[in-house]
Amino acid sequence: MPEGALEIDRISKRYGDVVALDEMSLTVRPGEMLGFVGSNGAGKTTTMRIALGVLAADSGEVRYNDAPIDRTVRSRIGYMPEERGLYPKMRVLDQLQYLGELHGLSRAEAGRTAESWLERLGLAERRNDQLQKLSLGNQQRVQLAAALVHDPAVLILDEPFSGLDPVAVELMSTVLRQTCERGVPVVFSSHQLELVQKLCDRVGIVQRGRMVADGTVEQLRSSGPADLTVHAPQAPPDWADGLRGVSVVDTSGGRTTLRLDETADDQAVLQAALSTGPVHEFSRNRPSLTDLFRNVVTEEPAE
Ligand SMILES: Nc1ncnc2c1ncn2[C@@H]1O[C@H](COP(=O)(O)OP(=O)(O)OP(=O)(O)O)[C@@H](O)[C@H]1O
């Protein structure tokens, strides 16, 4: 493993009869951003809480730099919990400074870093307000500052984008990208798949406590079923019938969308289309992350 990687190695966790995690594994390398996606109740929060050490796994191990995570490493993790969890009545700057000190910064250093994050996140003028006086989106910016104030070696965020307006999404995205570019492994959970597809180097899809797909966005998108769109205006409706490994998904306006399985030969499809007359379009549609997610994940049982 490269130096500075976070590894979650086959962790399992049960709550009574509920299997929350079943040998969940994932690795985030330095300078890599991993999007952690899955249905409600799939096990994302449980995984992140175990990685942080606020919850113990029944089995498996979490490592940083090839060694099991201890208290020193734990204090170098930046974490944004789903339930948020800052003090509502405490003033924003005091709160960040206090958290910086808790993570080992001197008072002056913590104050300086807190001020600079508030500036960066557009909250400088709110520094002396109680947290509860801020809008939810601004409170979330403070949560991000809280995760970053001690210059963490690893950044773990539980649904950091939920409820943010587009400007705040952009700001959060930029800050996460820059943190990642400084060599910090970043992992965040999200249900906003288009955002994950745009932002992340790698994606892990979790279902019922297991990692069911893990790879770069490119790898995952090219591993899904390939659809072809063919525009052959003179082709009869049954032109693609009988082609090996090919099924018709949709036909409209002279365009046919075909699903090809691994036994199909796209060149045979092209020949069949050309044999009907001119072919104006022959294009492969790669699945979006949303399509893949639909294919991989079946509904979780209701909570
Ligand atoms: N404290 C707990 N006691 C009992 N069961 C729990 C507890 N925490 C989590 N679970 C169960 O563990 C499973 C995984 O939950 P988890 O919160 O990790 O999912 P999640 O992927 O983060 O979901 P969401 O997207 O809704 O936040 C669920 O079945 C949940 O009900």
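A residue counts as buried here if 20 or more other C-beta atoms lie within 10 Å of its own. Keep that cut-off in mind as you click through this predicted model.

**Stop 1: the whole protein**

Start zoomed out, with the C-alpha trace on screen. Along the principal axes, the C-alpha atoms fill a box of roughly 75 × 45 × 40 Å. Switch to cartoon and you can look for 10 helices and 14 strands. Of the 303 residues in the protein, 33% are buried. Among contacts with a separation of 6 or more, 70% join residues 24 or more positions apart.

Now colour by domain. The domain assignment gives domain 1 as 6–221 and domain 2 as 225–286. Put a marker at the C-alpha centre of each domain, and the two markers will sit 44 Å apart.

**Stop 2: helix H6**

Select residues 166–181, which form helix H6. This helix has 16 residues and reaches 22 Å from its first C-alpha to its last, close to the 22 Å expected at 1.5 Å a residue.

Which residues of H6 are buried? Show the side chains of Met 172, Val 175, Leu 176, Thr 179 and Cys 180. Turn the view to look down the axis of H6: these buried residues fall within an arc of 135 degrees, so they line one face of the helix. The general pattern is worth recalling here: an α-helix has 3.6 residues a turn, so residues three or four places apart point the same way.

Give the other side of H6 a second colour: Pro 166, Val 167, Glu 170, Thr 174, Gln 178 and Glu 181 are exposed there. Then bring back the surroundings. The cover over the buried residues of H6 includes strand S3 (33–38), H5, strand S7 (154–158) and strand S8 (186–189).

While you are on this helix, pick Val 169, which belongs to H6. Is Val 169 buried or partly exposed? Val 169 counts as partly exposed because it has 17 C-beta neighbours inside 10 Å. Setting aside neighbours within four places in sequence, Val 169 is in contact with Phe 161, Leu 164 and Leu 195. For a sense of scale, draw a C-alpha to C-alpha distance from Val 169 to Leu 102: the pair are 67 residues apart in sequence and 28 Å apart in space.

Step just past the end of H6 to Gly 183, where phi is positive at about 100 degrees.

**Stop 3: helix H4**

Next, select residues 107–120 for helix H4. At 1.5 Å a residue, its 14 residues should span 20 Å, and the end C-alpha atoms are indeed 20 Å apart.

The buried residues to show here are Ala 110, Ala 114, Trp 117 and Leu 118. Looking down the axis of H4, you will find them within an arc of 100 degrees, so they line one face of the helix. Rotate to the other side of H4, and Ala 108 and Glu 119 are exposed. What do the buried residues of H4 pack against? Add helix H3 (92–102) and helix H5 (136–148) to the view, as these are the packing partners.

Just after H4, click on Gly 122, which takes a positive phi of about 75 degrees.

**Stop 4: two positive phi values outside glycine**

Most residues other than glycine have a negative phi. With that in mind, go to Arg 10, whose phi is positive, near 50 degrees. You will find Arg 10 in strand S1 (residues 6–15). With 13 other C-beta atoms within 10 Å, Arg 10 is partly exposed.

Now jump to Glu 159, where phi is also positive and near 50 degrees. Glu 159 lies in the loop between S7 and H6. Glu 159 has 19 other C-beta atoms within 10 Å, so it is partly exposed.

**Stop 5: around the ligand**

Finish at the ligand. Which residues come nearest? Of the 13 residues around the ligand, select Tyr 15, Ala 20, Asn 40, Thr 45 and Thr 46. Strand S2 (18–28) and helix H1 (44–52) each supply at least two residues of this shell, and H1 gives the most, with 3 residues. Colour the shell by residue type, and you should see 4 nonpolar, 6 polar and 3 charged residues.

Methods: Residues numbered from 1 in each chain as written. Predicted model: local features only at pLDDT ≥ 70, side-chain atom pairs only at ≥ 80, totals over all residues. Helix = DSSP H or I, 4+ residues; strand = E, 2+ residues; numbered from the N terminus. Expected span 1.5 Å × (residues − 1). Buried ≥ 20, exposed ≤ 12 C-beta atoms within 10 Å, placed from the backbone. Arc of directions from axis to C-beta. Contact = placed C-beta atoms within 7 Å. Near = placed C-beta within 6 Å. Nonpolar A, V, L, I, M, F, W, Y, C, P; charged D, E, K, R; others polar. Domains from an automatic or database assignment.
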